[in-house]
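Visitor: I'd like to learn how to read the space around a ligand. Could you walk me through it?

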Amino acid sequence: MDAAAICTQLSHLQNSGATFDELLSHAVRLLHESNERFDWTGIYELDPGQMLHLGPFIGAPTDHVFIAVGHGVCGSAVAEGCNKNIPDVSKEPNYLACSSATRSELVVLIRDGDRIYAQIDIDSHQVDAFDSSIESGVEMIARWLAGAYHSDEVQKQAA
Ligand code: SME
């Protein structure tokens, strides 16, 4: 399933009354299953204390349940306000190992302008697994999720 089809599927689920947590879990599952190069797929959420914490994920359990902003590839993406495509994690000094099998990593921020809600983190056992078309697809899903985070926030404020 390509990224546009995943977003369509997520919109159907949203319109059918899926909860926000269900939408996040489905997004992770659909994304993970969309490419055999994806060996670990998850969402880290940014809390108001500027700490990333692990949300839904598929793949090997990780010790990195909490990551401070500025630490690792994930925390650096938030600190610098940009996505990270690391073709060879062995050459990345600021890398926190989740699994010794990981060779490359992609982090895409889920954001609305300067407001960062969360990030999609994908690890691959292949070097340089994430080409520009994969990155664009993950960015499309991140944009869809940013809308869902915004709606969830508005609903919680109204409650
Ligand atoms: N590699 C990440 C840590 C998260 S695990 O990959 C799931 C990092 O360097 O921040």
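Visitor: Which element gives the most to the shell around the ligand?

Guide: That's α3, with three residues. Helices (H or I, at least four residues) and strands (E, at least two) are DSSP runs numbered from the N terminus. Keep in mind that this is a predicted model, where local features need pLDDT of at least 70, side-chain atom pairs count only at pLDDT 80 or more, and totals for chains, interfaces and linings use all residues. Residues are numbered from 1 along each chain as its sequence is written, and side-chain values use heavy atoms, leaving out hydrogens and water.

Visitor: Which residues are around the ligand?

Guide: A residue counts as near if one of its heavy atoms lies within 4 Å of the molecule. Here that gives Trp40, Tyr44, Ile67, Gly72, Val73, Cys74, Tyr95, Leu96, Cys98, Glu105, Asp121 and Asp123. At least two residues of this shell come from each of β1 (40–46), α3 (72–80) and β6 (115–124).

Visitor: How do the residues of the shell divide by class?

Guide: Ala, Val, Leu, Ile, Met, Phe, Trp, Tyr, Cys and Pro count as nonpolar, Asp, Glu, Lys and Arg as charged, and the others, Gly among them, as polar. The shell has eight nonpolar residues, one polar and three charged.

Visitor: Which polar atoms lie 2.9 Å from a nitrogen atom of the ligand, and in which residue?

Guide: Look for polar contacts, meaning pairs of N or O atoms within 3.5 Å. A polar side-chain atom of Glu105 sits 2.9 Å from a ligand nitrogen. The backbone joins in as well: a polar backbone atom of Leu96 is 2.7 Å from a nitrogen atom of the ligand, and one of Cys74 is 2.9 Å from an oxygen atom. Taken alone, the ligand exposes 300 Å², and the protein buries 100% of that (Shrake-Rupley method, 1.4 Å probe).

Visitor: What is the space taken by the ligand?

Guide: On a 1 Å grid over the protein atoms alone, a cavity is a set of points where a 1.4 Å probe fits but cannot get out; a pocket is an open set with protein on both sides within 12 Å along at least five of seven lines, and lining residues have an atom within 4 Å of a point. A molecule sits in one if more than half of its atoms lie within 2 Å of its grid points. The ligand takes up the largest cavity, which holds about 110 Å³, a volume being the space filled by probe spheres set on the points. Of its 13 lining residues, Ile67, Cys74, Leu96, Glu105 and Asp121 are closest to the centre.

Visitor: And what volume does the largest pocket have?

Guide: About 250 Å³. Among its 14 lining residues, Leu46, Arg115, Tyr117, Tyr149 and Glu153 are closest to the centre. The largest share of that lining, four residues, comes from α4.

Definitions and conventions:
A polar contact is a pair of N or O atoms within 3.5 Å; within protein, one must be able to donate a hydrogen and the other to accept it, and residues adjacent in sequence count only if both atoms are side-chain atoms.
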